[in-house]
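Here is a friendly walk through one protein model, from its charged pairs to its empty spaces. Have the sequence and the 3D view at hand as you read.

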Amino acid sequence: MPRTTTVESPGCPPLRALTSDVLGLIKVVEVHGKVGVPKVVEIWGSPDASRAVVATSFADCRKNPLLAVARKDGVVELLNPLSGDTLNTSRVCELGLTNHSAEEDPVVGLHLLMTKNIELSSGLCVVLIYTEKGKACLRSFPTQDDVSLDASVVHTFKNWDVSTAGKVMCSSVDSKENYALFGGKAIELNLWDLESCSRIWTSKPPHVNSLGIFSPTCFTTSTFLVKEDHRKIVAGTNNYQVRLYDISAQRRPVLSVDFRESPIRVVTEDLDGHTVYVGTGIGDLASFDMRTGKLLGCFVGKCSGSIRSIARHPELSLLASCGLDSYLRIWDSRTRQLLSAVFLKQHLTNVVIDSYFSAEGSGQ
């Protein structure tokens with residue numbers, strides 16, 4: 001039986017979150033009133049395992065927000081996150097990736113470039129897409145299926161190979177969206193300039209330990225410690241480590257911390273520029289101070305399945321997590337207390353937070 005801990009859940013402030021799962025459903029969870037319990041208010045899509053959501057990216061804007069979704073069958077969709085309306089649908093094989101097969105080389109991630117004029121009124125947005133075998137594509141999308149745009153405008157900006165060997169498992173983009181970071185199984189972390197599509201930095205593996213044992217490279221998650229500074233990178237590995245890299249200092253990690261005995265599945269940075277939140281394959285959720293590598297504490301209330309996504313509210317001290325135990329959990333990021341949880345039936349793959357909901361639709 002999984003280890004569980006019963007804790008009091010005092011409820012959480014007004015909140016709107018969107019989750020995706022292995023059956024391809026997107027569920028809208030909301031909390032109304034000053035303090036409340038999360039409830040599912042909308043479900044978008046029909047259950048279909050072949051259309052499982054493997055990655056999402058959310059343009060969290062007060063005006064004209066946008067949600068990009070990558071599915072297991074190789075389809076990329078643009079959705080209106082307020083209504084669930086599909087704005088555009090494209091297959092990855094149509095994006096300039098020649099001879100692409102969703103079965104042999106699945107999409108593993110995507111990112112909406114918010115600084116590249118992402119707004120519904122312009123009729124165009126830009127998306128970075130990458131696959132397991134290291135194919136990357138920077139592509140412009142019309143945000144309406146019936147929009148009339150010149151053929152020279154709607155095109156694939158750039159295609160390149162992140163890696164020709166190994167398996168890409170993680171990626172991150174800095175806040176200015178000038179650099180993209182990739183890593184994976186047998187793939188060292190490598191940083192790319194998105195303007196020139198050139199690699200500007202590659203990590204080196206740590207030295208062998210005192211027993212002379214070398215751990216093969218396997219990065220499972222990565223993020224920029226400070227979104228405005230692309231030089232500091234935090235990554236999680238399959239062998240329980242959280243590593244800090246400073247590309248201006250050296251290619252090997254400047255700090256490495258072991259955490260429990262389970263692969264690190266997700267790392268998310270905090271707003272303060274030095275704290276990160278770490279989720280593992282056995283459901284541990286904790287925060288670390290990456291200035292010293294100190295464990296600040298574990299979140300109260302054990303999750304019973306692998307954590308696959310963590311979202312930090314950009315204004316409130318709230319943290320959302322979800323994973324294979326099918327629960328969406330809302331936490332207080334300062335006290336690490338569980339505020340509320342809702343069972344969503346399917347294994348969850350991603351969660352995003354609509355940071356403008358509390359100001360516009362709290363129901364008070």
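A salt bridge here is a side-chain nitrogen of Lys or Arg within 4 Å of a carboxyl oxygen of Asp or Glu. Keep in mind as you look around that this is a predicted model.

**Charged pairs**

Side chains of opposite charge can pair when their charged atoms come close. How many salt bridges does the structure hold? The count is 14.

Let's start with R16, which has D354 as a salt-bridge partner, with 3.5 Å between the closest N and O atoms. This pair ties together distant parts of the chain, as 338 residues separate the two. R16 sits in strand β1 (residues 15-21), while D354 is in the loop between β28 (348-353) and α1 (357-360). Are these two partners buried or exposed? Both R16 and D354 are buried.

Next comes K232, which forms a salt bridge with D246. This pair also links distant parts of the chain: K232 belongs to strand β17 (residues 229-237) and D246 to strand β18, 14 residues apart. The two ends of this bridge fall into separate burial classes. K232 has a relative accessibility of 29%, so it counts as partly exposed. For D246 the relative accessible area is 14%, which makes it buried because the cut-off for that class is under 20%.

Then there is R329, which forms a salt bridge with D325. R329 is buried, and D325 is buried too.

Here are the three pairs side by side:

| Salt bridge | Closest N and O atoms |
|---|---|
| R16 and D354 | 3.5 Å |
| K232 and D246 | 3.9 Å |
| R329 and D325 | 2.5 Å |

Salt bridges can also join up into a group. Which residues are linked in a network of salt bridges? They are R51, R71, D73 and E77.

**A buried acid without a salt bridge**

Now look at D60, in the loop between β4 (53-59) and β5 (66-71). D60 is buried but has no salt bridge. The nearest side chain of opposite charge is that of R16, and it is 8.2 Å away. That distance does not meet the salt-bridge cut-off, because the atoms would have to be within 4 Å. What does the side chain of D60 make a polar contact with? Its partner is the side chain of S355, at 2.5 Å.

**Empty spaces**

Rolling a probe the size of a water molecule over the atoms shows where empty space is left. Searching the whole structure turns up two cavities of 30 Å³ or more.

The largest cavity holds about 60 Å³ of space. Its lining includes E188, P205, P206, F214, S215 and R243. Sorted by class, the lining residues of the largest cavity come out as five nonpolar, four polar and two charged.

The second largest cavity has a volume of about 40 Å³. Among the residues lining it are L18, T19, I26, L67, V69 and V352. Elements β1, β5 and β28 each give two or more residues to this lining. How many charged residues does the lining of the second largest cavity have? There are no charged residues in it, just six nonpolar and four polar.

There are pockets to look at as well. The second largest pocket contains about 290 Å³ of space. It is lined by 14 residues, and P206, H207, S215, N239 and Q241 are the closest to its centre. Strands β18 (241-246) and β19 (255-258) each contribute two or more residues to the lining of this pocket. By class, this lining has six nonpolar, six polar and two charged residues. P206 and S215 are worth a second look: they line the largest cavity and are also among the residues closest to the centre of the second largest pocket.

**Two unusual backbone angles**

Most residues other than glycine have a negative phi, and most peptide bonds are trans. With that in mind, find R260 in the loop between β19 and β20 (264-269). R260 has a positive phi near 50°. It is partly exposed, with a relative accessible area of 40%.

S326 also has a positive phi, of about 70°, although it is not a glycine. Look for S326 in the loop between β25 (318-323) and β26 (327-332). Is S326 buried or exposed? With a relative accessible area of 4%, S326 is buried.

Key. Residues numbered from 1 in each chain as written. Predicted model: local features only at pLDDT ≥ 70, side-chain atom pairs only at ≥ 80, totals over all residues. Heavy atoms only, no water. 1 Å grid on protein atoms, 1.4 Å probe; cavity = no way out; pocket = protein on both sides within 12 Å on 5 of 7 lines; lining within 4 Å. Points joined across faces, edges and corners; volume = space filled by probe spheres on them. Helix = DSSP H or I, 4+ residues; strand = E, 2+ residues; numbered from the N terminus. Nonpolar A, V, L, I, M, F, W, Y, C, P; charged D, E, K, R; others polar. Buried < 20%, exposed > 50% of the residue type's maximum accessible area, 1.4 Å probe, protein only. Lys, Arg positive; Asp, Glu negative; His and termini not counted. Polar contact = N/O pair within 3.5 Å; in protein donor to acceptor, adjacent residues only side chain to side chain.
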